Amino acid sequence: MKLLQGKTVLITGGSTGIGRAAAIGAARHGADVAINYVSSDDKAHSCIAEIEALGQRGLAVKGDVALPETASDFVSRAVEAFGRVDVMVSNAGICPFHSFLDMPVETVERTFRVNLHGAYFMVQAAANQMVKQGSGGAIVAVSSISALVGGEFQTHYTPTKAGVHSLMQSAAIALGKHGIRCNSVLPGTILTEINKDDLADAEKRRYMEERTPLGRLGQPEDLAGPIVFLASDMAAYVTGAALLVDGGMFVNLQ
Ligand SMILES: NC(=O)C1=CN([C@@H]2O[C@H](COP(=O)(O)OP(=O)(O)OC[C@H]3O[C@@H](n4cnc5c(N)ncnc54)[C@H](O)[C@@H]3O)[C@@H](O)[C@H]2O)C=CC1
Ligand SMILES: C[C@H](O)[C@@H]1OC(=O)[C@H](O)[C@@H]1O
């Protein structure tokens, strides 16, 4: 069964990692998919090629989510190409690991702007388009297990993920009357570019694996199903919810 047949799905940071897996997952479920990306044209184009190979339409729009105008541009380019927006997946994020006491101001500001301001403006732009269309919609934000727990080298990052989780709760209230559902996924540790250097430390990686009851770290594709589900009508009565997708890592205290 195809869960997103005929829908238009927008995904930020869609050329790599979790965003890319969600883009391909959405296309597999019958959606046309627009991705926002910021750096590699090649990766964005190869993602679109994969979407098109699945028989769906794809569009790549370059832009830095930290800038509010990127959000309105992304939404209007997607509407121009596909006519509407049914789903927004706010996924783009950075996590430049750094110690707390000497954290550079610019690292804090950039992380806040990309992860939190970026999500805010994208969600707002998509919601305005959905309200104009008058037939509801679904917003899924990629928060993190880090919305619930801290990290010594993530003092600038974990508040953004708690913020994204909170944004989905408030947006669910603000947008419920328009039939727009807002939910977040909270990935655990997923093997992507964002943590490649951090997990190059074999001891740290082993610790993370051993903390995970399912016995392995996540792959980007582990997020595709939960994101597609929350975006789909299967989750028609789910809003303001947060879904941990962490192999059980969070509950494993001892
Ligand atoms: N990998 C993990 O263990 C976890 C990741 N997450 C979140 O998942 C999301 C996706 O990250 P991953 O797929 O893991 O890593 P990734 O590095 O592959 O993906 C992040 C994407 O965001 C894009 N991006 C970064 N800054 C941007 C900007 N200013 N404008 C537009 N796009 C930008 C990157 O180019 C990249 O495509 C992030 O929000 C991250 O915080 C959450 C929990 C765990
Ligand atoms: C980048 C981290 O490895 C990753 O991102 C998060 O949100 C969690 O803290 C994960 O471990």
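Start with the largest nonpolar core of this predicted model. Select its 32 residues and look for Leu10, Met88, Ile139 and Cys182, the members that touch the most others. Then colour by secondary structure. At least two residues of this core come from each of β3 (58-62), α3 (68-82), α4 (105-133), β5 (137-142), α5 (158-175) and β6 (180-187). The largest share is that of α4, with eight residues.

Now centre on isoleucine 139 and show what surrounds it. Beyond four places in sequence, isoleucine 139 is in contact with Met88, with Val123, Ala127 and Met130, and with Met168 and Leu175. Its remaining contacts on the same terms are Ile180, Arg181, Cys182 and Asn183.

A second core, separate from the one above, has 31 residues. Select Ile18, Ala27, Ile35 and Tyr37 to find it; these are among its members.

**Helix α2**

Next, select residues 41-53, which form helix α2. The helix has 13 residues, and the distance from its first C-alpha to its last is 18 Å, close to the 18 Å expected at 1.5 Å a residue. Show the side chains of Ala44, Cys47, Ile48 and Ile51, the buried residues of α2. Look down the helix axis: these buried residues fall within an arc of 100°, so they line one face of α2. Asp42 and Ala53, on the other side of α2, are exposed.

What lies over the buried residues? Elements that cover them include α1 (17-28), β2 (32-37) and β3. Past the end of the helix, pick glycine 55, which follows α2 and has a positive phi, near 85°.

**Cysteines**

Stay on α2 for cysteine 47, which is buried at 0% relative accessibility. Then move to cysteine 95, also a buried residue, with a relative accessible area of 9%. How many disulfides does the whole structure hold? A search finds zero.

**Salt bridges**

The structure has 10 salt bridges; three of them are visited here.

- Select arginine 110 and aspartate 64. Their closest N and O atoms are 3.1 Å apart, in a salt bridge. Arginine 110 belongs to helix α4 and aspartate 64 to the loop between β3 and α3, so the pair ties together parts that are 46 residues apart in sequence. Arginine 110 is partly exposed, its relative accessible area being 37%.
- Select aspartate 198 and lysine 204. The salt bridge between their side chains is 2.9 Å, N to O. Aspartate 198 counts as buried at 19% relative accessibility; the cut-off for buried is under 20%. Lysine 204 counts as partly exposed, at 25%.
- Select arginine 216 and aspartate 222. These two form a salt bridge in which the closest N and O atoms are 2.8 Å apart. Arginine 216 is partly exposed at 44% relative accessibility, and aspartate 222 is partly exposed at 28%.

**Serine 90**

Go next to strand β4 (residues 87-90), where serine 90 is found. Is serine 90 buried or exposed? Serine 90 is buried, with 6% relative accessible area. Show its neighbours: leaving out residues up to four places away in sequence, serine 90 touches Thr12, Ala119 and Val123, as well as Val140, Ala141 and Val142. For a distance check, select threonine 192 too. The C-alpha atoms of serine 90 and threonine 192 are 17 Å apart, and the two residues are separated by 102 residues in sequence.

**Valine 164**

The last stop is valine 164, in helix α5. Valine 164 counts as buried, with 2% relative accessibility. Which residues does valine 164 touch, not counting those up to four places away in sequence? They are Asn115, Leu116, Ala119, Ala141, Val142 and Ser143. Ala119, Ala141 and Val142 in this list are touched by serine 90 and by valine 164, and can be selected to view both sites. Finally, draw the C-alpha distance from valine 164 to alanine 126: it is 15 Å, for a separation of 38 residues in sequence.

Notes: Residues numbered from 1 in each chain as written. Chains lettered and ligands numbered in written order. Predicted model: local features only at pLDDT ≥ 70, side-chain atom pairs only at ≥ 80, totals over all residues. Heavy atoms only, no water. Core = buried A, V, L, I, M, F, W, Y, C linked by side-chain atoms within 4.5 Å. Buried < 20%, exposed > 50% of the residue type's maximum accessible area, 1.4 Å probe, protein only. Helix = DSSP H or I, 4+ residues; strand = E, 2+ residues; numbered from the N terminus. Contact = heavy atoms within 4.5 Å. Expected span 1.5 Å × (residues − 1). Arc of directions from axis to C-beta. Salt bridge = Lys/Arg side-chain N within 4 Å of Asp/Glu carboxyl O. Disulfide = S-S within 2.5 Å.
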